[in-house]
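Me: Please take a close look at how the helices pack against one another, and at what lies around them. One long, connected answer is fine.

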Amino acid sequence: MDRINLCLAHMSGNEMQYIQEAFDTNWVVPLGPNVNAFEEDLEDFVNENGALDKKVVALSAGTAAIHLGLIMLGVGKGDEVICQSFTFAASANPIVYLGASPVFVDSEPDTYNMDPQLLEDAIKGRIAKTGKKPKAIIPVYLYGMPAKIDEIMEIACRYEIPVLEDAAEGFGSRYKGQVCGTFGTYGVMSFNGNKMITTSGGGALICPDAEAKKRVMFYATQAREPYPYYQHERIGYNYRMSNICAGIGRGQMTVADEHIKHHQWVHEQYVQRLGDVDGLIVHCAPGDEMQSNYWLSTIRFEDGKHVISDDLLPFAERLSEANIETRPLWKPMHLQPVYKDAPAYTNGVSEHLFKSGLCLPSGPCVREAELDYIVKKIKENL
Ligand SMILES: Cc1ncc(COP(=O)(O)O)c(C=O)c1O
């Protein structure tokens, strides 16, 4: 059996046509027809063909999108930003790029995403401690799972704190039918090589309106003022997506729905095939209102035996020797050495998940034969 990876890029076959057009017309720069058309495709996708009116800016990475989203929300030196602790470092690092400080909030056990109750505790706690409200809130849709975004938005609105949704892993996930990334003021997408769709590397920022989109584009292109010569009154960035990468993105958009359905099917197969294993839980959306894209299916062990650096890592190692890639769930930010001094509002959930959970192969290379093999090897190696 060839190595079965967690999730690798999968081309539709249509990408080359758009890339060829870019070469033929010499649009080999970080703007052009593919960038514009990819943004239109993304807008149709997130707006459900007219239900919403969000605008999208294509960028060089999801991390760049978080950075620019925070700038648009006015985050700067000395501010605090609340961020889900259970996530990849890219959710939090841009806070520090801006001279602001992260305040980490733990997860609840249903979705593994930001705990609304702890979020409110954190807001109250920071106001009591610093006399100032946090400047923004970053919930994350980990492994594609929708967060309890209604509750998070209700609290954020009550305290008048804007929300930037990190939907890097949640492309096409829905909460009550609405696409994740469209609830807050800004939403982030990632098209890194391992994501639901890819542009090799890339990301996008979902913006509330055309005015905001224009401003994001201004910051993404070195903040050049409209003068006949180069005039700069603010610090800008080189964050626009290349027209070549956007060509890949256009091709990927032709099969985005198929990719999502495939990941959901793989998850359903894990539920059916591993559901009867004692002490092993396949994480599922907690209710019908949450439609996960199941970018990565995850399992956790409640047997007290499979614990990270005890039995879980050797178990993952045995699967790796059998050519099956797995990965521990994210190590929470509040446990990362680099963030050891950041305030954190915790309940033990993310720490427990980190210690007892693994991501399973979920991408396009996982078909019936691979599932048979993965499930067999999991059962053999427990
Ligand atoms: C939760 C999360 N946020 C942000 C990012 C950053 O996206 P990118 O790699 O496109 O910069 C990623 C993925 O890489 C991610 O998984």
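Reply: Some vocabulary to start: angles under 35 degrees count as roughly parallel, over 145 as roughly antiparallel, 65 to 115 as roughly perpendicular, and the rest as oblique. Keep in mind that this is a predicted model, where local features need pLDDT of at least 70, side-chain atom pairs count only at pLDDT 80 or more, and totals for chains, interfaces and linings use all residues. Residue numbers start from 1 along each chain as its sequence is written.

Let's begin with α1 (residues 15–24) and α8 (residues 243–253); helices here are DSSP runs (H or I, at least four residues) and strands are too (E, at least two), numbered from the N terminus. The axes of α1 and α8 lie 7 Å apart, at an angle of about 150 degrees. Those axes are lines fitted to C-alpha atoms, for helices over the stretch in contact, with angles running from 0 to 180 degrees between N-to-C directions. So α1 and α8 are roughly antiparallel. Their crossing is right-handed, meaning that the near helix is turned clockwise from the far one by less than a right angle (anticlockwise would be left-handed). On the α1 side you'll find Glu 15, Tyr 18, Ile 19 and Ala 22, which meet α8 residues including Asn 243, Ile 244 and Arg 250. Contact here means C-beta atoms, placed from the backbone, within 7 Å. By class, this contact has five nonpolar, four polar and two charged residues, with Ala, Val, Leu, Ile, Met, Phe, Trp, Tyr, Cys and Pro as nonpolar, Asp, Glu, Lys and Arg as charged, and the others, Gly among them, as polar.

Now for α3 (residues 62–72) and α7 (residues 210–220): these axes come within 10 Å and cross at roughly 120 degrees. That makes the pair oblique, and the crossing is right-handed. Leu 68, Ile 71 and Met 72 of α3 meet Ala 212, Arg 215, Val 216, Tyr 219 and Ala 220 of α7. The split there is seven nonpolar, no polar and one charged.

Then there's α5 with α6 (residues 149–158), at about 20 degrees and with axes 9 Å apart. Hence α5 and α6 are roughly parallel, again with a right-handed crossing. Pro 116, Leu 119 and Glu 120 in α5 meet Glu 151, Ile 152 and Ile 155 in α6, giving four nonpolar, no polar and two charged residues.

Zooming out, the chain divides into domain 1 (15–255) and domain 2 (257–381), with bounds from an automatic or database domain assignment. The domain centres, taken over C-alpha atoms, are 25 Å apart. Across the boundary, 40 residues of domain 1 contact 31 of domain 2. On the domain 1 side, β3 (101–105), α5 (116–130) and β6 (174–175) each supply at least two residues, and β3 gives the most, with five. That side holds 22 nonpolar, ten polar and eight charged residues.

Finally, the ligand: 14 residues surround it, and the closest are Ala 61, Gly 62, Thr 63, Ala 90 and Ser 190, where near means a C-beta atom, placed from the backbone, within 6 Å. This shell has five nonpolar, seven polar and two charged residues.

Notes. Contact = placed C-beta atoms within 7 Å.
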